[in-house]
Amino acid sequence: MATLLLVRHGRTTANASGLLAGRTAGVRLDELGTQQAARAGARIGSVAVAALVTSPQERCRQTARAVAAGQRDAGHATTRAVTEKGLAECDYGEWQGRSLKDLVREPLWKTVQHQPSAAVFPGGESMVAMQHRAVAAVRRLDAEITRDHGPDAVWVAVSHGDIIKSVLADALGMHLDLFQRINVDPASVSIVRYAPDRPYVLASNTHDGDLSWLAPKPGRRRTRSRGAAVGGGAGPA
C-alpha cells in the first residue's frame, strides 16, 4: 500500500493563547506557525507526493499550501490540496473557543485525559466518533491512492493533533483510552504505511530529518509485506 505522511498544522494564534479553537472560523497560523509549515513543506519536498489532502479548517489549508509550495520548489509536479471532511477537527461543541485553563476545571476533562472512549463533548461529537470517521477517511483514501498511483506512492494528509493521535493509535493497535500517550506537535510529520497484513508506524512526531528514503528507487517496487522482520531488519537503503 501507499505511504501516508500525517502533518499537523503549524502553530496558530489560538495555540499560542491557550484557546481550544475547534472548528472556529478564522483561526490562522501565527508567524511561528507559518515558519513551521514552510519548514515542513521544504522537508517533504525531498519526495514527490501523489496526493495532498487537508482538513477544511483554514490553519490546515494554510499548512497544505506550504506543502504544495515545497513540492513546486523541489521541481515536482504541481500538487493541489483536496479538502476531506473526515480529517476535520474534532467537534468540541460547547468547549470550542474556551481557554484550556478553564476547561481543566470541568469534570469531563479527567474523562478526556484518562478514558477518552467515554468522552462526549456537550453539543459536539464523541471522541470515539472522531476516531472512527478519521480512520475511515484515511484508510479509504490510502486504498484509492494505492489503486491509482501504485504501492510506492507517498501522500500527505494535513490535520489536527487529536485527529492524528487517534489515527496513530489505531495504526499502533492501541485502544483509544491510551491515545493521550502519543504526542503530535504543530507542523510535525508522522509516517504510516498500511500494508496488507497490518499498519506500520514508521515515524511519529518528527520535526527534522531526511525523508528522501521514502521516494521509490528507479527499477525497484516495494515487495508485498511478509510481516515484521525478526530482529528489526536492515531498514531503508
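A pocket here is an open set of grid points with protein on both sides within 12 Å along at least five of seven lines, and its lining residues have an atom within 4 Å of a point. Keep in mind that the model is predicted.

**Exercise 1. Describe the second largest pocket: how much space lies in it, and what lines it?**

Step 1. Start with the volume: the second largest pocket holds about 630 Å³ of space.

Step 2. Now go to the lining, which is made up of 31 residues. Look around the centre and you'll find Arg-8, Leu-20, Tyr-92, Leu-100 and Asp-162 lying nearest to it.

Step 3. Sort the lining by character: 15 residues are nonpolar, 10 are polar and 6 are charged.

Step 4. Check which helices chip in. At least two lining residues come from each of H1 (13–17), H4 (100–103), H5 (107–114) and H7 (161–171).

**Exercise 2. Work out the strand order of the open sheet, and find which strands stand at the edges.**

Step 1. Trace across the 6 strands and you get S3-S2-S4-S1-S5-S6, with mixed pairing.

Step 2. Strand S3 (81–83) and strand S6 (199–206) each have a single partner strand, so they stand at the edges with one side lacking a neighbour in the sheet.

Step 3. Going from one strand to the next, the twist averages 20 degrees.

Step 4. Zoom in on S5 (residues 189–194) and S6: they run antiparallel and are joined by 5 bridges. In this region, Arg-193 sits opposite Tyr-200 of S6.

Step 5. Add the helices. H6 (residues 127–149) packs on the sheet and touches S1 (3–8), S2 (51–54), S4 (154–159), S5 and S6, with its direction at about 155 degrees to that of S4. H7 packs on the sheet too, touching S1, S4, S5 and S6, and makes about 150 degrees with S1.

**Exercise 3. Place Arg-133 and say what its side chain reaches.**

Step 1. Arg-133 belongs to helix H6.

Step 2. Its side chain reaches the backbone oxygen of Glu-89 at 3.1 Å.

Step 3. Leaving out residues up to four places away in sequence, Arg-133 touches several others, including Arg-23, Lys-85, Asp-91, Glu-125 and Ile-163.

Technical notes. Residues numbered from 1 in each chain as written. Predicted model: local features only at pLDDT ≥ 70, side-chain atom pairs only at ≥ 80, totals over all residues. Heavy atoms only, no water. 1 Å grid on protein atoms, 1.4 Å probe; cavity = no way out; pocket = protein on both sides within 12 Å on 5 of 7 lines; lining within 4 Å. Points joined across faces, edges and corners; volume = space filled by probe spheres on them. Helix = DSSP H or I, 4+ residues; strand = E, 2+ residues; numbered from the N terminus. Nonpolar A, V, L, I, M, F, W, Y, C, P; charged D, E, K, R; others polar. Pairing = 2+ DSSP bridges. Axes fitted to C-alpha atoms, helices over the stretch in contact; angles between N-to-C directions. Contact = heavy atoms within 4.5 Å. Polar contact = N/O pair within 3.5 Å; in protein donor to acceptor, adjacent residues only side chain to side chain.
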